[in-house]
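The following exercises are to be worked with the sequence and the structure at hand. Each task is followed by a solution in steps.

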Amino acid sequence: MLSNSQGRLQDRRPLSIIDIGSNSVRLVVYEGLARSPTTLFNEKMLAGLGRGIVSTGKLDPEGVARSMEEFRRFRALSDQAGAEHMYVLATAAAREAINGPDFIHRAEDVLKTEIRVLSGRQEAHYSALGVISGFHPANGIAGDLGGGSLELIDIDGEAIGDGITLPLGGLRLQDMAKNSLVQAQKIARQELARAKLLKGGQGRTFYAVGGTWRNLARLHMEMTNYPLGVMHHYEISAESAQTFLKQVARGEVEKVRGIEGVSKNRRSLLPYGALVLQEIMTAMQPSRIVVSAQGVREGFLYSLLDAVEQKADPLISAAEELALLRSRSVHHAHDLVEWTGKAFKAFGIDETEDEARYRHAACLLADIGWRAHPEYRGKQSLNIIAHASFIGVDHPGRAYLALTNAYRHDGVFNELVAPEIKALAPPRLLERARVLAAMMRVVYLLTAAMPGIMPRLKWASRPNGALALVLPASLSDLYGERPAGRLAQLARITSRRLELAIEGGQSVSVK
């Protein structure tokens, strides 16, 4: 067998998860078990197993037949991708249908592995772990809407509180309401009255999990001309959500801008998802809705990690992997993390916990575009970072990461850099992105992107009030006009008087 491409991490062992839901069956092959898992292959089929289960008590016969054929394909694809382990999870429809046990037995024969039929409590637990794994930290109530059920659970940091499973999945609700949206709203309101935990969510975040809600969020992005097409951590204010959901809940989805981006098989469930979310907001009164791309599958993977791995920062882990795969020297990236931390302190620039995390990640990502032509490194790097499958970072944080890299390549005074991405970041993060990029532009000219130099570059306060970047005498050959020019840019950005100096020798004031 051929060895892995250099574009893959060599120490990872692929594994796969098959998720058997009430509406869809999906195969995801991951590069390996990691704090920030990377997808090697992803395929789904809308089988509709739970369609009609309310009236018949059984899984949809056509859905069962189609699923079995797909399972054969999934098994072959998993083997082809080199997955060393396959985990199969089944949720609401399979656990509740009269013929569920027979379906599971047949599926196990086809897949040649055991299937874990999750209880409602287990499904809620893994969904909560998925949200915990994707946010830094999570605090609010998570709601995972599938085809057959809705799981609601309280999350505060790593603590998982009360949870409940309700029969409000899109397919089930449509069936129970006999295709009546008016009746569906009554059923949703009645069922959600049992979810007493929603009262404890007032003023907190509601984390929306599941394909129906992700599709609603994508429509909201289109309606508001949102500049970044990244679903994870997309935020909708309570006020904006109410107006939007009201339109969808009336069943007018075909009139909603961007509906062509939603598969026709999913469109019919959007009004039911909107109705359920409306009723949740009425009962909970959240401050905002935040979309989570992490759910049961990712929560199950997270549960397989040991305690130390679970506590790792997912954003830093993902940035570290990209640095390892794409930068000239990952050790240089680590030097940059340490050096810029000391530089921020020398300049008196304070950072919140998240800002320090973002600076760390930005330094790890600073050189991922080096193989591109110099004229395009900034744009390429910005696009990669802005749209990467990062977790543990909100959209303003993404803007900070992407803009730092763009400014590092295209110039800190370039006002034409990605105005749509700049619109996502508040002034404080924009300022820090420019400062960090200006620092990077200085040290890259002194290090040639290789490690070992930055730890020897020190900041020193001068009696005249200037701050000097001091090179040791052994590195005096690196002293020159270009680094001095870049230091002058940093001086302008920070409104500081700066000097470039050689230890025990010459120095030049750049402001």
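**Exercise 1. The contacts of a core residue**

Task: Determine which residues Leu457 touches, not counting residues up to four places away in sequence, and place Leu457 in its nonpolar core.

Solution. The model is a predicted one.
Step 1. Beyond its sequence neighbours up to four places away, Leu457 touches Trp339, Val443, Leu446, Leu469, Val470, Leu471 and Leu475.
Step 2. The largest nonpolar core has 76 residues, and those touching the most other members are Phe390, Leu401, Leu403 and Leu457.
Step 3. Helix H20 (residues 427-447) supplies the largest share of this core, 13 residues.
Step 4. There is also a second, separate core of 46 residues, with Leu145, Leu197, Leu270 and Met281 among them.

**Exercise 2. A helix and its two ends**

Task: Describe the length of helix H18, how far H18 is covered, and what is found at its start and after it.

Solution.
Step 1. Helix H18 comprises residues 395-410, which is 16 residues. From its first C-alpha to its last, H18 reaches 22 Å, close to the 22 Å expected at 1.5 Å a residue.
Step 2. Of the 16 residues of H18, 14 are buried, and the helix is thus mostly covered.
Step 3. At the start of H18, the backbone nitrogen of Gly397 has a side-chain oxygen of Asp394 within 2.8 Å.
Step 4. Gly411 follows H18 and has a positive phi, near 105°.

**Exercise 3. Buried or partly exposed?**

Task: Classify Glu43, Lys422 and Gln122 by relative accessible area, and describe the surroundings of each residue.

Solution.
Step 1. The cut-off for a buried residue is under 20% relative accessible area, and a residue is exposed when the value is over 50%.
Step 2. Glu43 counts as buried because its relative accessibility is 17%. This residue belongs to strand E3 (residues 39-45). Leaving aside neighbours within four places in sequence, Glu43 is in contact with Val25, Arg26, Leu27, Glu70, Arg73, Phe74 and Leu77. With one of these, Arg73, Glu43 makes a polar contact from side chain to side chain (2.8 Å).
Step 3. Lys422 is buried because its relative accessible area is 16%. Lys422 lies in helix H19 (residues 419-422). Not counting residues up to four places away in sequence, the residues that Lys422 touches include Leu403, Tyr407 and Glu415.
Step 4. Gln122 has a relative accessible area of 38%, so Gln122 is partly exposed. Its place is in helix H5 (residues 120-134). A polar atom of the Gln122 side chain lies 2.9 Å from the backbone nitrogen of Ser119.

**Exercise 4. The order of a sheet**

Task: State in what order the 6 strands of the open sheet are arranged, which strands form its edges, and which helix packs on the sheet.

Solution.
Step 1. The order is E8-E7-E6-E9-E11-E10, with mixed pairing.
Step 2. Strand E8 (159-166) and strand E10 (235-237) are the edge strands, each pairing on one side only.
Step 3. On average, neighbouring strands of this sheet are turned by 20° against each other, direction ignored.
Step 4. Strand E6 (residues 139-145) and strand E7 (residues 150-156) run antiparallel and are joined by 7 bridges. Ala142, for instance, has Ile153 in E7 as its bridge partner.
Step 5. Helix H11 (residues 270-284) packs on the sheet and touches E6, E7, strand E9 (205-209) and strand E11 (288-292). The direction of H11 makes about 160° with that of E9.

Notes: Residues numbered from 1 in each chain as written. Predicted model: local features only at pLDDT ≥ 70, side-chain atom pairs only at ≥ 80, totals over all residues. Heavy atoms only, no water. Helix = DSSP H or I, 4+ residues; strand = E, 2+ residues; numbered from the N terminus. Buried < 20%, exposed > 50% of the residue type's maximum accessible area, 1.4 Å probe, protein only. Contact = heavy atoms within 4.5 Å. Polar contact = N/O pair within 3.5 Å; in protein donor to acceptor, adjacent residues only side chain to side chain. Expected span 1.5 Å × (residues − 1). Core = buried A, V, L, I, M, F, W, Y, C linked by side-chain atoms within 4.5 Å. Pairing = 2+ DSSP bridges. Axes fitted to C-alpha atoms, helices over the stretch in contact; angles between N-to-C directions.
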